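Grab a pencil and work through these exercises one at a time. Try each task before you read its solution.

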Amino acid sequence: MKKLFLSPFFAPVCFAVCWASLLAIVLVYFPEQKYQLTFDGQIIDILTNIGYMLMLAALLIYSKDYTDKITSWGIYLFLGIAAFLREAGIQHHLSKTDTTPFKSRFFLKPENPIGEKIVFGMLLLIIFGAVLYLMVKYAKHLIVSFFKFNTITWTIAVFCSVLVFSKFADRFPGNWRDAHNDVSLPKSHIEVWSLLEESIEIFIPYLVVLALAQYHLLKKKD
């Protein structure tokens, strides 16, 4: 069982099975409520928040595995907290004049206070800087080790793929509207894209937990 868990194919196969099962359950047993299930406070949102709490707990539990990579671990924790707060919707309560301070339109609106633009702009730069640091430090290793079937690298690849697709699904209806002279997709199509986005986002924190657990076992094995 441990050998299976540490296989490079465990993450992609497990994710594919779990996501397909989740979509099947929703579409078969809750076809009329599939859109409502994506709302805040519903089961999908609850499962996602539980995942982020487990992710932060795992980062603390496995912190000893990163005594030689304390800077990277600190960045993981910082980004994990930021992601959890974003998922909890804190961005909607930060600005006094806008719905969220983390979109380009916030910085372009003249009615938004310059002080808020500076503060939230600096915060975005810190987040982007943290991500860029990790990319520069580990990109070459991840590319090389992927073709060597490194377990952690394959799990991270699944994580990145899920992250990219969730953002694509989130923005597709809006991008479609912008590209078609403000003509929106049919409501049923928008609901499907919302379900795809929210259902796949569930797995983002759980994949991090999986990577941390796999790394812990591999480090212990070595």
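**Exercise 1. Find out whether Phe 149 is buried, partly exposed or exposed, and what its backbone does.**

Step 1: Get the cut-offs straight. Buried means under 20% relative accessible area, exposed means over 50%, and partly exposed is in between (1.4 Å probe, protein chains only).

Step 2: Apply them. Phe 149 has 45% relative accessibility, so it counts as partly exposed.

Step 3: Place the residue. Phe 149 sits in the loop between helix 6 and helix 7; helices here are DSSP runs of H or I with at least four residues, strands are runs of E with at least two, and both are numbered from the N terminus.

Step 4: Look at phi. Most residues other than glycine have a negative phi. Phe 149 is not a glycine, yet its phi is positive, about 60 degrees.

Before you go on, two notes on the model. It is a predicted one, where local features need pLDDT of at least 70 and side-chain atom pairs count only at pLDDT 80 or more, while totals for chains, interfaces and linings use all residues. Residues are numbered from 1 along each chain as its sequence is written, and side-chain values use heavy atoms, with hydrogens and water left out.

**Exercise 2. Do the job again for Asp 182: where does it lie, and is it buried or exposed?**

Step 1: Asp 182 is in the loop between helix 7 and helix 8.

Step 2: Its relative accessibility is 61%, so Asp 182 counts as exposed.

Step 3: Asp 182 isn't a glycine either, and its phi is positive, near 65 degrees.

**Exercise 3. Describe the make-up of the whole chain.**

Step 1: Count the elements. You should get nine helices and zero strands.

Step 2: Check how much is tucked away. Of the 222 residues in the chain, 38% are buried.

Step 3: Get the dimensions. The C-alpha trace spans about 55 × 50 × 30 Å along its principal axes.

Step 4: See how far apart in sequence the contacts reach (contact means heavy atoms within 4.5 Å). Among contacts with a separation of 6 or more, 66% come from residues 24 or more positions apart.

**Exercise 4. Compare the length of helix 4 with the expected span, then work out what covers its buried residues.**

Step 1: The expected span is 1.5 Å times one less than the number of residues. Helix 4 covers residues 70–87, which is 18 residues, and 26 Å is expected.

Step 2: From first C-alpha to last, helix 4 reaches 25 Å, close to that value.

Step 3: Pick out the buried residues of helix 4; among them are Trp 73, Leu 77 and Glu 87.

Step 4: Their cover includes helix 3, helix 6 (114–146) and helix 8 (187–201).

Step 5: Step just past the end of helix 4, and you find Gly 89 with a positive phi of about 90 degrees.

**Exercise 5. Follow Asn 49 in helix 3: which residues does it touch?**

Step 1: Helix 3 runs over residues 43–61, and Asn 49 lies in it.

Step 2: Asn 49 counts as buried because its relative accessibility is 17%.

Step 3: Skip the neighbours within four places in sequence. Asn 49 is then in contact with Phe 84, Glu 87 and Ala 88.

**Exercise 6. Classify two of the aromatic pairs in the structure.**

Step 1: Rings of Phe, Tyr and Trp (its six-membered ring) pair if their centres lie within 6.5 Å; planes under 30 degrees apart count as stacked, over 60 as edge-to-face, and the rest as tilted. A search of the whole structure turns up 20 pairs.

Step 2: Trp 19 and Phe 165 are 6.0 Å apart centre to centre, with 70 degrees between the planes, which makes the pair edge-to-face.

Step 3: This pair links distant parts of the chain: Trp 19 is in helix 2 (residues 10–29), Phe 165 is in helix 7 (residues 151–179), and they are 146 residues apart.

Step 4: Trp 19 is buried at 17% relative accessible area, whereas Phe 165 is partly exposed at 27%.

Step 5: Phe 106 and Phe 107 are also edge-to-face, at 5.2 Å and 85 degrees. Phe 106 is buried at 0%, while Phe 107 is partly exposed at 27%.
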